[in-house]
Amino acid sequence: MKKQQNEKIQAIPNNLKINSRIFITSLMAIIIPLVIIISCVSAYFSLSSSEIIDFPSVSQMTYGFLSQLQWSQTFSDISDVLTAENDAAAKQKKIENIAGRLEKTGALVYIEKNGAEFYKTNSKEDIKQKAAQISSGKAGTNAYYIGENGLSVQTGVIDESDEYGIFVVNEKYTLPGIVSENENILGALRSGAIWILAIVVSVFIIAIVIISLITSKTIVGPIEQITDGANEIANGNYDYEIKYKSTNELGQLAKSFNNMRLRVKESIEEQNRADRQQKEMIAGIAHDLRTPLTSIKGYVEGLRDGIADTPEKQKRYIDTIYSSTRNTEKILDDLLAMSKLELSGTTLDRENVSVDDFIGFLSEKGKELEKEDFDCEIIDRTKTSPLLYIDTDSFARVINNIISNSVKYRRPDVKGKITFTVIEYQKTVLIEIKDNGMGVDRESLPRIFDTLYRADKARTNVKDGSGLGLSVCKRIVELHGGLIWAQSEPGSGLAILISLPLQRGE
């Protein structure tokens with residue numbers, strides 16, 4: 001039953017605006033009671049009118065308001081039949097039916113047509129004699145007389161070509177009872193009024209309940225859903241989704257809450273990632289700086305305590321101290337560069353550089369790689385002479401950092417090789433720098449551009465880098481409006497791909 005009630009309530013369109021809902025609810029508050037009241041009153045009178053007022057036939061044998069209505073209706077029916085019915089047999093049959101009902105009350109009926117007998121209960125003379133006795137000779141033509149001895153009626157009706165006379169007497173009709181008759185009518189009317197009042201009150205109560213349910217389901221219900229959702233979000237449950245779907249004001253509010261929940265959730269997750277990366281960075285910097293500083297401290301103590309007692313040993317100690325100092329300087333330099341980039345403190349000095357000049361730069365890097373026992377290959381797949389709008393110093397740092405990583409993480413049993421590939425597309429230039437080193441596993445690959453992240457335990461030695469190099473590369477490329485990503489399989493090398501917007505020469 002409750003499910004059916006909910007389905008009826010949900011029949012109201014879900015996307016109606018609040019103003020429309022309120023207007024419809026107010027209109028229903030007027031229409032529904034009126035319709036129900038009119039229906040109930042009509043049904044009441046249709047069922048009870050035959051018991052209260054039986055107009056078509058005479059049932060009251062005492063004078064009163066009701067009996068007058070009944071006699072008047074009866075004579076009206078007789079007149080209608082006599083003037084409206086064209087078929088003589090049908091007219092005769094209907095008159096017999098109406099007169100028969102009067103005769104059951106003790107009345108005598110005589111009807112003549114153009115002076116000739118048309119219908120009779122008794123002879124005309126007998127009826128006239130009884131009428132004279134009832135009215136004591138006071139009644140005349142078209143008379144309706146009621147006395148102590150009964151009722152006498154004499155009237156006529158004219159058709160197009162016929163004239164009818166109607167005579168009715170009823171000696172059983174009496175005057176006493178007029179007061180009780182009226183009291184019965186008033187009592188019936190009062191009883192009916194009480195029932196009508198009860199129906200009206202009941203209808204309004206039912207209408208108020210229905211309208212309250214509709215309002216609760218279509219307005220209060222969604223508001224409660226939104227309130228519950230807001231409380232869940234306030235309590236930190238960012239996975240809670242408000243299920244109410246609609247295009248009205250409440251639906252838009254629910255959608256805004258859901259969007260806010262997602263944004264807050266993303267913001268918190270991003271903050272958590274930033275906090276985690278910051279903690280990792282602090283721990284990494286502390287570790288990376290501690291290693292060279294410990295080395296410097298140890299060798300300085302050796303020099304101070306005279307452990308390096310030969311020129312050769314002293315030179316080795318000093319070279320080690322210098323190397324550790326350079327490593328520390330490199331870490332601090334990368335950290336400073338990353339800080340500037342993240343704080344947007346770096347201003348790019350960009351200019352148009354042809355791809356041919358860029359390939360020339362790569363050729364110079366290839367010669368330097370030969371000193372590190374690396375092979376170098378350059379593949380040029382450009383069709384025109386596209387331009388790159390870049391900061392040459394910053395972008396040189398990107399290339400140097402990537403090459404430096406390839407050199408550091410070479411495989412000891414394989415001669416190193418770096419392949420530079422430049423590909424021209426309609427709106428971009430793709431630069432691929434691929435080595436044949438150790439590579440990176442799939443789990444670590446998405447994080448190699450994170451600050452201070454190292455994908456392999458073999459890369460945790462400070463001499464292998466600060467862990468900031470690829471982070472610096474990513475930030476510089478993004479400042480150029482480009483994208484950078486990596487592809488790799490463990491043992492098959494690492495490929496760094498850079499996509500930059502292409503500038504067409506004039």
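A search of the whole structure finds zero disulfides. The model examined here is predicted, and the cysteines are a convenient place to begin. A disulfide is a covalent bond between the sulfur atoms of two cysteines. Two cysteines illustrate the settings found in this chain. C473 counts as buried because its relative accessibility is 0%, while C376, at 30% relative accessibility, counts as partly exposed.

Stepping back to the overall architecture, the protein contains eleven helices and twelve strands. Of its 506 residues, 37% are buried. The contacts reach well along the sequence: among those with a separation of 6 or more, 64% join residues 24 or more positions apart.

Helix α5 offers a clear view of how a helix sits against strands. This helix covers residues 124-135, twelve residues in all, and spans 16 Å from its first C-alpha to its last, close to the 16 Å expected at 1.5 Å a residue. Its buried residues are K124, I127, A131, I134 and S135. They lie on the same side of α5, because the arc they cover around the axis is only 90 degrees. The general geometry of helices helps in reading this pattern: an α-helix has 3.6 residues a turn, so residues three or four places apart point the same way. As for what this buried side meets, the buried residues of α5 pack against four strands, namely β1 (108-113), β3 (143-147), β4 (150-158) and β5 (163-170).

Charged side chains come next. Across the whole structure, 14 salt bridges are found, and several of them are worth a closer look. Within helix α7 (residues 249-304), R273 and E270 lie three residues apart, about one turn of the helix. Their side chains meet in a salt bridge with an N to O distance of 2.4 Å. As for accessibility, R273 counts as partly exposed because its value is 35%, and E270 is likewise partly exposed, with a relative accessible area of 44%.

Helix α8 (residues 311-342) holds another pair, D319 and K315, which are four residues apart, again about one turn of the helix. The side chains of D319 and K315 form a salt bridge at 3.0 Å, N to O. Here the partners fall into separate accessibility classes: K315 is exposed, with a relative accessible area of 53%, whereas D319 counts as partly exposed at 40%.

Salt bridges also join strands. E377 forms one with K417, and the closest N and O atoms of this pair are 3.2 Å apart. The pair links distant parts of the chain, with E377 in strand β7 (residues 374-381) and K417 in strand β9 (residues 416-424), 40 residues apart. Both partners are partly exposed: E377 has a relative accessible area of 31%, and K417 has a relative accessibility of 34%. In addition, D373, D375 and K415 are linked in a network of salt bridges.

The final region of interest is the hairpin of β11 and β12. In a regular strand the side chains alternate between the two faces of the sheet. Strand β11 (residues 483-488) shows such an alternation: I484, A486 and S488 point to one face and are buried, while L483, W485 and Q487 point to the other and are not buried. Strand β12 (residues 494-503) pairs with β11 in the antiparallel sense, over six bridges. Within this pairing, S488 stands opposite L494 of β12. Five residues lie between the two strands of the hairpin, where G491 takes a positive phi near 85 degrees.

A486 rewards a closer look at the buried face. This residue of strand β11 has a relative accessible area of 14%, and therefore counts as buried. Leaving aside residues up to four places away in sequence, A486 touches L445, I448, F449, L494, A495 and I496. Among these contacts, L494 is also the residue that stands opposite S488. A further reference point is R447, which is 39 residues from A486 in sequence and 9.9 Å from A486 in space, C-alpha to C-alpha.

Terms used
Residues numbered from 1 in each chain as written. Predicted model: local features only at pLDDT ≥ 70, side-chain atom pairs only at ≥ 80, totals over all residues. Heavy atoms only, no water. Disulfide = S-S within 2.5 Å. Buried < 20%, exposed > 50% of the residue type's maximum accessible area, 1.4 Å probe, protein only. Expected span 1.5 Å × (residues − 1). Arc of directions from axis to C-beta. Contact = heavy atoms within 4.5 Å. Salt bridge = Lys/Arg side-chain N within 4 Å of Asp/Glu carboxyl O. Pairing = 2+ DSSP bridges.
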